[in-house]
Amino acid sequence: DNMADAATAAWHHDALTTVRRTVDLFGFEGTCLSFNGGKDSTVLLHLVREAFPDNFQRLRCLFFKQPHEFLEVERFVHDMTERFSLNLTVLEDSFKHGLTEFLSQNTVKAIFMGTRAGDPGSRGLSTFSLSDNGWPDFFRVHPILNWSYTEVWLYLKEREYCHLYNQGYTSLGKTTDTAPNDMLRRQDGEYRPAHELDNIRLERQGRSSNGAPVDALSVSLVSQSHEPQQQTLAPGEPLHSLCSVLVEPAFSVSSNIACFFLGSGGVLSQSAWLLVQHVDQALMHRNC
């Protein structure tokens with residue numbers, strides 16, 4: 001109906017806007033996609049392709065290859081890389097060390113991540129969040145943070161995705177902790193596809209880790225603390241952690257930052273406003 005179509009258009013539009021604003025702010029060279037072959041990161045890949053149909057290949061992609069990876073996931077990532085000529089970097093080191101090395105060797109300042117609000121460890125996250133203490137400085141960008149499981153499949157089921165989702169899997173981790181979702185088992189023992197799951201609260205029913213986040217980078221970031229550490233700014237606080245991220249010639253327009261926050265959430269938080277207030281001063285003191 002019209003209301004459902006309007007709602008669908010709204011969350012689709014918001015995600016595309018976040019993707020476009022991020023690249024506008026940081027440039028293709030400063031933006032990266034964490035692509036692990038799961039449904040959420042695959043949504044992000046298609047959103048990036050939709051937002052930039054002529055030059056999405058300029059965006060770097062990261063695949064954190066974990067032990068006991070599904071061969072089907074590896075094949076899917078390889079197939080997408082070949083089909084769309086993705087600029088993919090495969091990291092097999094520990095997440096923190098691999099990411100630190102990667103960020104030290106290029107100009108990436110923002111990483112698209114497929115975290116959604118229902119994921120464990122997602123409480124307190126916003127569409128645009130700084131990395132946690134103890135991690136290299138970068139911005140985590142969550143274009144589909146407010147998407148539900150149903151909305152993921154409304155967008156994804158007519159596009160390319162890993163075929164494990166047609167075999168009863170609704171959430172993919174490692175081969176050692178992931179099984180098809182029993183809620184999709186038919187009487188003949190076969191499984192219905194993931195998009196036919198009736199109770200979306202049981203999305204991670206097949207995960208023996210009791211609902212660990214799907215995105216490998218998100219898993220590692222969340223595991224550093226019981227609660228996500230939010231980066232906030234007190235009035236007058238210097239932007240030491242932000243300087244190393246934002247203080248680059250290409251990112252020197254503070255109004256773009258204000259527009260990003262306004263466009264992403266409609267509200268300019270105190271921290272975001274302070275960032276805008278201080279960014280020009282920080283830019284004038286690049287060597288501080």
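Is Cys61 buried or exposed? In this predicted model, Cys61 has a relative accessibility of 3% and therefore counts as buried.

## The cysteines

A search of the whole structure finds zero disulfides. Cys32 takes part in no disulfide, and the nearest cysteine sulfur, that of Cys61, lies 6.6 Å away. A disulfide requires two cysteine sulfur atoms within 2.5 Å, so this pair does not qualify. Cys32 has a relative accessibility of 0% and therefore counts as buried.

## The sheet

The strands form an open sheet of six, arranged in the order 3-2-1-4-6-5 with mixed pairing. Strand 3 (87–91) and strand 5 (128–130) are the edge strands, each pairing on one side only. From one strand to the next, the twist averages 30 degrees.

Strands of a sheet pair through backbone hydrogen bonds, in either a parallel or an antiparallel sense. Strand 1 (residues 31–34) and strand 2 (residues 60–64) pair in the parallel sense, over three bridges. Cys61 appears again here, as the bridge partner of Leu33 in strand 2. Helix 4 (residues 95–104) packs on the sheet, where it touches strand 1, strand 2, strand 3 and strand 4 (110–112). The direction of helix 4 makes about 160 degrees with that of strand 2.

## Helix 5

Helix 5 (residues 149–156) is largely enclosed by the rest of the structure, because six of its eight residues are buried. The buried residues of helix 5 are Tyr149, Glu151, Val152, Trp153, Tyr155 and Leu156.

Key:
Residues are numbered from 1 along each chain as its sequence is written. This is a predicted model: local features need pLDDT of at least 70, side-chain atom pairs count only at pLDDT 80 or more; totals for chains, interfaces and linings use all residues. Side-chain values use heavy atoms; hydrogens and water are left out. Buried means under 20% relative accessible area, exposed over 50%, partly exposed in between (1.4 Å probe, protein chains only). Helices (H or I, at least four residues) and strands (E, at least two) are DSSP runs, numbered from the N terminus. Two strands pair if DSSP finds at least two bridges between them. Axes are lines fitted to C-alpha atoms, for helices over the stretch in contact, and angles run from 0 to 180 degrees between N-to-C directions. Contact means heavy atoms within 4.5 Å.
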